[in-house]
Amino acid sequence: MTTYSSFAQFLEHLLARLTGPMHFRLILQPLVAIALGIRDGLKDARAGRPPFVTDLIVRPEGRKRQLKRALQALIKPLVIAIILDAVAQYLMLGTIYPGAAVFVGVVIMAVPYSLARGLTNRIVSGRKRAIEARRP
């Protein structure tokens, strides 16, 4: 395990992941994260909770609870993403950069998950309000 000597080297290795071994995971893992985000966004909307990212930013008192729920949903896929990136690094470079593996794992799992969860909640909640507003 080593560390990067420059940001340019980090970017070079990051771009190499797009065509290197196991590059299909860069499509599959975000799709899994989106599916998990949609599932949890539907749960949030049914429970009447505000959208995920908005709730994290606006309501600091509920932040810890929200992060805990997100981590419970994402821990296994996130760990798998980090391990797969470490394996890909080893196959491509002959060494492992743990910080980069964590960065890539978070970007390809947590970002799509958060966006999908929040958007799903907004869409479902908006439709729910529109239906309730039409009722006499």
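The legends below describe close-up views of a predicted model.

**View 1. The pairing of helices H2 and H4 in the predicted model**. Helix H2 (residues 25–47) and helix H4 (residues 63–93) pack at an angle of about 175°, and their axes lie 11 Å apart. Because angles over 145 degrees count as roughly antiparallel, H2 is roughly antiparallel to H4. On the H2 side the contact is made by Arg 25, Gln 29, Leu 36, Arg 39 and Asp 40, and these residues meet a set in H4 that consists of Ala 73, Leu 74, Pro 77, Ile 80, Ala 81, Leu 84, Asp 85 and Ala 88.

**View 2. Helix H2, its buried residues and its end**. The 23 residues of H2 reach 32 Å from the first C-alpha to the last, which is close to the 33 Å expected at 1.5 Å a residue. The buried residues of this helix are Arg 25, Gln 29, Pro 30, Ala 33, Leu 36, Gly 37, Asp 40, Gly 41, Asp 44 and Ala 45, and what covers them includes H4 and H5. Among these buried residues, Arg 25, Gln 29, Leu 36 and Asp 40 also take part in the contact with H4. Gly 48, which follows H2, has a positive phi near 80°.

**View 3. The surroundings of Ala 33 in helix H2**. Ala 33 has a relative accessible area of 0% and is therefore buried. Leaving aside residues up to four places away in sequence, Ala 33 touches Ile 108, Met 109, Pro 112 and Tyr 113. Ala 33 and Arg 117 are 84 residues apart in sequence, yet their C-alpha atoms are 9.4 Å apart in space.

**View 4. The surroundings of Asp 44 in helix H2**. With a relative accessible area of 1%, Asp 44 is buried. When residues up to four places away in sequence are not counted, Asp 44 touches Arg 49, Arg 117 and Asn 121.

**View 5. Helix H5 and its bend at Val 106**. At 1.5 Å a residue, the 37 residues of helix H5 (residues 98–134) should span 54 Å, and the distance between the end C-alpha atoms, 54 Å, agrees with this. H5 nevertheless bends by about 30° at Val 106.

**View 6. The aromatic cluster of Phe 7, Phe 10 and Phe 103**. The structure holds two aromatic pairs. In one of these, Phe 7 and Phe 10 have their ring centres 6.0 Å apart and their planes at 35°, a tilted arrangement. Phe 7 and Phe 10 are separated by about one helical turn because they are three residues apart in helix H1 (residues 7–16). An α-helix has 3.6 residues a turn, so residues three or four places apart point the same way. The accessibility of the two residues is nonetheless unlike: Phe 7 is exposed, at a relative accessible area of 59%, whereas Phe 10 is buried, at 13%. Phe 10 also pairs with Phe 103, and since the ring centres are 5.7 Å apart and the planes stand at 70°, this pair is edge-to-face. The pair links distant parts of the chain, with Phe 10 in helix H1 and Phe 103 in helix H5, 93 residues apart. Phe 103 counts as partly exposed, with a relative accessibility of 41%.

Conventions. Residues numbered from 1 in each chain as written. Predicted model: local features only at pLDDT ≥ 70, side-chain atom pairs only at ≥ 80, totals over all residues. Heavy atoms only, no water. Helix = DSSP H or I, 4+ residues; strand = E, 2+ residues; numbered from the N terminus. Expected span 1.5 Å × (residues − 1). Bend = angle between axes of the 7 residues up to and from the residue. Phe/Tyr/Trp six-rings, centres within 6.5 Å; stacked < 30°, edge-to-face > 60°. Buried < 20%, exposed > 50% of the residue type's maximum accessible area, 1.4 Å probe, protein only. Axes fitted to C-alpha atoms, helices over the stretch in contact; angles between N-to-C directions. Parallel < 35°, antiparallel > 145°, perpendicular 65-115°, else oblique. Contact = heavy atoms within 4.5 Å.
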